[in-house]
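Here's a quick briefing on the chain shown below. Take a look at the structure, then go through the points by topic.

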Amino acid sequence: MIHSVKKKRFRFLKNTFMIISAIMLCFLTFPANAETRSIDELRHSVVRILCYGLDGGMYTGTGFAIGLEEPVRHIVTNYHVVEPNLEGVTILLSKEDQIEATVVAYDKVKDLAVLELSQDLYKRPPMELGESDAVKASHEVFALGFPGDADLIDDTPSGDPDDVSITRGIISKISSQGGRGIFQVDVSINPGNSGGPLVNEYGQVIGINTFTVRSASGINGAVKVDELIPMLESRGIKYLKSSTNPESKSTNKDSKSNTLWWILGIAGVVLFILLVLVAIYVLVLKKKGKQGPQVSNQLNAENSSVIHFKPVLKGVSGYFAGKVFELDQSYLSIGRDAKQCQLVFPLNIEEISRKHCTLRFDKYGQSFTIEDHSSNGTYLQSGERIPKGKAIQLRSGDRFYLSSKEYMFEIDWERR
């Protein structure tokens, strides 16, 4: 047994040396990718948006700075990010520092909004807007934003540029949807990234990240930046526009390549030495047979501080007013037939169908959908009727009603 453990430790150490050596060899032999550092610097132009909804909830999204130079006063995002309360929007810089913002322009159809800050914002350089017409399918793109999963474990999300996530992919398709130009991309876009910039390899904004299709893999959408330009120009909001051939920008960055690779080489050597020291330290600890319990206790201590949330359905009016139901299954059918439904109305409420509608929760995508099966209809709070047999996506805080507003429900998150 002891001999087997020692062999595994030696194999681990050997494999670690081989991986680090391969990485360092790549650093020393492959040409510099000058655009990588440029894309990373764009984190400082991305901001976290908080919207304090009228329902008491807090909604988060992403935006990016526009203007001609620092300081900036305007931020671009999606309309659905600020829709819960147009008068309750702030920009989060840190847990103690927020800037109030006013929605000065929005377009519901194109899902775009422009915010004006209550004060100058420094250290957030404006982004350069590119040209949608120059974008072709298969072009490489990057999405920047703040992933929303962090909101589920922290009452106050982070607004630090270092916490901006960057994902890379390609343009899969160029199309239109609902009267707006759309880039279909395979870039990973998480809840909370809405409103963030989609940039090309030269750091120019070509789209605004807007939606993701949870029922399929690698299908996400960004509104073309050309849809934003008329909103800015009609309000006299100035912005940086690409005026040179993007290909020429790579020449200006070549002078930084040597310095970049020197830094990467030194960092690789330091990392190599650190890994060796860590490997030796782990081997010493494992000899004493104490590492397993220590790691286990550490993980338990860390997990105990995580705040868990559960999806719920709340009765707003009617028979189930004031009731709360946890969505602990993949779906919940509502109606009068106890054989088909989990949430059952009395049989004498005839305006409710035997199986009126079905609410589904995707625990992996953290999203809700609703599908109507009724005769009298299922409606969104706005009064729009949900097409029969078609699944409609909902967000936390959205309300819907069965037949009439007398039977209103709301989906939400609650702490466990």
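**Salt bridges and partners**

Aspartate 120 counts as partly exposed, since its relative accessibility is 33%. Keep in mind that this is a predicted model. A search of the whole structure turns up 10 salt bridges, and a few of them are picked out here.

- Aspartate 120 pairs with arginine 73 through their side chains, at 3.0 Å from N to O. Aspartate 120 sits in strand β6 and arginine 73 in strand β3 (residues 72-77), so this salt bridge ties together parts 47 residues apart in sequence. Arginine 73 is partly exposed, at 30% relative accessibility.
- Glutamate 140 and arginine 168 form another salt bridge, with their closest N and O atoms 3.6 Å apart. Glutamate 140 belongs to strand β8 and arginine 168 to strand β9 (residues 165-177), so parts 28 residues apart in sequence get tied together. Arginine 168 is exposed at 55%, while glutamate 140 is partly exposed at 31%.
- Lysine 314 meets aspartate 412 side chain to side chain, at 3.1 Å from N to O. That pair links distant parts of the chain, 98 residues apart: lysine 314 is in strand β15 (residues 309-315) and aspartate 412 in strand β24. Aspartate 412 is buried, with a relative accessible area of 17%, whereas lysine 314 is partly exposed at 23%.
- Lys314 and Asp412 also join Glu414 in a network of salt bridges.

**Overall make-up**

- The chain has 416 residues, 43% of them buried, and its secondary structure comes to seven helices and 24 strands.
- Of the contacts with a separation of 6 or more, 60% are between residues 24 or more positions apart.
- About 22,500 Å² of the chain is exposed, with carbon and sulfur atoms supplying 53% of that.

**Nonpolar cores and a surface patch**

- The largest nonpolar core holds 27 residues, and Phe64, Val114 and Leu232 are among those with the most contacts inside it. Helix α4 gives the largest share, three residues.
- Leucine 232 touches Ile66, Val114, Leu129, Ile237 and Tyr239, leaving out residues up to four places away in sequence.
- A second, separate core has 23 residues, including Leu332 and Phe361.
- On the surface, Trp262, Ile266, Val269, Val270, Ile273, Leu274 and Leu277 make a nonpolar patch of about 720 Å². Leucine 277 is in helix α6 (residues 257-287).

**Serine 403**

- Serine 403 lies in the loop between β23 (399-402) and β24 (408-415), and is buried at 19% relative accessible area.
- A polar atom of the serine 403 side chain lies 2.6 Å from the backbone oxygen of glutamate 351.

Note on methods. Residues are numbered from 1 along each chain as its sequence is written. This is a predicted model: local features need pLDDT of at least 70, side-chain atom pairs count only at pLDDT 80 or more; totals for chains, interfaces and linings use all residues. Side-chain values use heavy atoms; hydrogens and water are left out. Patches are made of residues with over 30% relative accessible area and no salt bridge: like charges are joined within 9 Å, nonpolar side chains (Val, Leu, Ile, Met, Phe, Trp, Tyr) within 5 Å. Accessible areas come from the Shrake-Rupley method with a 1.4 Å probe; for residues, only the protein chains shown count as cover. A salt bridge is a side-chain nitrogen of Lys or Arg within 4 Å of a carboxyl oxygen of Asp or Glu. Helices (H or I, at least four residues) and strands (E, at least two) are DSSP runs, numbered from the N terminus. Buried means under 20% relative accessible area, exposed over 50%, partly exposed in between (1.4 Å probe, protein chains only). Contact means heavy atoms within 4.5 Å. A nonpolar core is a set of buried Ala, Val, Leu, Ile, Met, Phe, Trp, Tyr and Cys residues joined through side-chain atoms within 4.5 Å. A polar contact is a pair of N or O atoms within 3.5 Å; within protein, one must be able to donate a hydrogen and the other to accept it, and residues adjacent in sequence count only if both atoms are side-chain atoms.
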